[in-house]
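The exercises below ask you to read a structure step by step, and each is followed by a worked solution. Please look over the sequence and the model before starting.

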Amino acid sequence: MLKKLCSYGACHKVVDAGQQYCSRHADYNRHMLYKAMRMRDQEEAIRQRFYNSKEWLRFREMLAHKQLCLYIYAYYKYGEIVAADTYHHIIELKEDYSLRISKDNVIGLTYSNHQTIHELYDQNNHIKRQTQYELKAMLMKFHNEFIINDLALLA
């Protein structure tokens, strides 16, 4: 059977000629197909472009600093100190785009927990609202305990 290299850049694994990616990069291919499908919807394309904008990247960096790069959910739920590696809009952009750069609507999470939260959101509206309430409560508790009032820094 004919063989070729995996299509993922700089991967040197050999795959069958009918395959595009090796087993290690198969998820990349699924992600790219999923992303292409999402970009066909104009409203979703606007939301996805926002996540690549300088506005979001600056806001996310500022927020990571203010939230001490902490995975807030694990801190309050399990008493663990874990670094956040992604930032989640509690009220999703498709629900209220105006909250896209609100410090009261974005919380630091881990990538795997971010996926879990979206799975909860997708179950039903009641679970989604309950999860949003819990995340907002943790974020507010964190703000009250750790965030220094910006005006106090100026004094």
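## Exercise 1: a strand and its partner

In this predicted model, Tyr-87 stands opposite Gly-108 in β4. Determine in which sense β3 and strand β4 pair, and over how many bridges, and then decide whether the residues on the two faces of β3 are buried or exposed.

Solution. Begin with the pairing: β3 and β4 (residues 106-109) run in the antiparallel sense, joined over four bridges. Next, sort the side chains of β3, recalling that in a regular strand they alternate between the two faces of the sheet. In strand β3 (residues 86-89), Thr-86 and His-88 lie on one side while Tyr-87 and His-89 lie on the other, and as all of them are buried, both faces are covered.

## Exercise 2: the two sides of a helix

Work out where the buried residues of α5 lie around its axis, and name elements that cover them.

Solution. First consider the geometry: helix α5 (residues 111-123) has 13 residues and reaches 19 Å from first to last C-alpha, close to the expected 18 Å. Then list the buried residues, which are Asn-113, His-114, Ile-117 and Tyr-121; because they cover an arc of only 105° around the axis, they fall on the same side of α5. The cover over these residues includes α4 (72-78), β3, β4 and α6 (125-146), whereas the face turned away from the buried side carries the exposed residues Tyr-111, Ser-112, Glu-119 and Asp-122.

## Exercise 3: confidence

Find which elements have the lowest and the highest mean pLDDT.

Solution. Against a chain average of 87, helix α7 (residues 150-154) has the lowest mean, 46, and β4 the highest, 95. Over residues 151-155 the pLDDT is below 50, and beyond near neighbours in sequence this stretch has one contact in the model.

Terms used. Residues numbered from 1 in each chain as written. Predicted model: local features only at pLDDT ≥ 70, side-chain atom pairs only at ≥ 80, totals over all residues. Heavy atoms only, no water. Buried < 20%, exposed > 50% of the residue type's maximum accessible area, 1.4 Å probe, protein only. Pairing = 2+ DSSP bridges. Expected span 1.5 Å × (residues − 1). Arc of directions from axis to C-beta. Contact = heavy atoms within 4.5 Å. pLDDT = per-residue confidence, 0-100.
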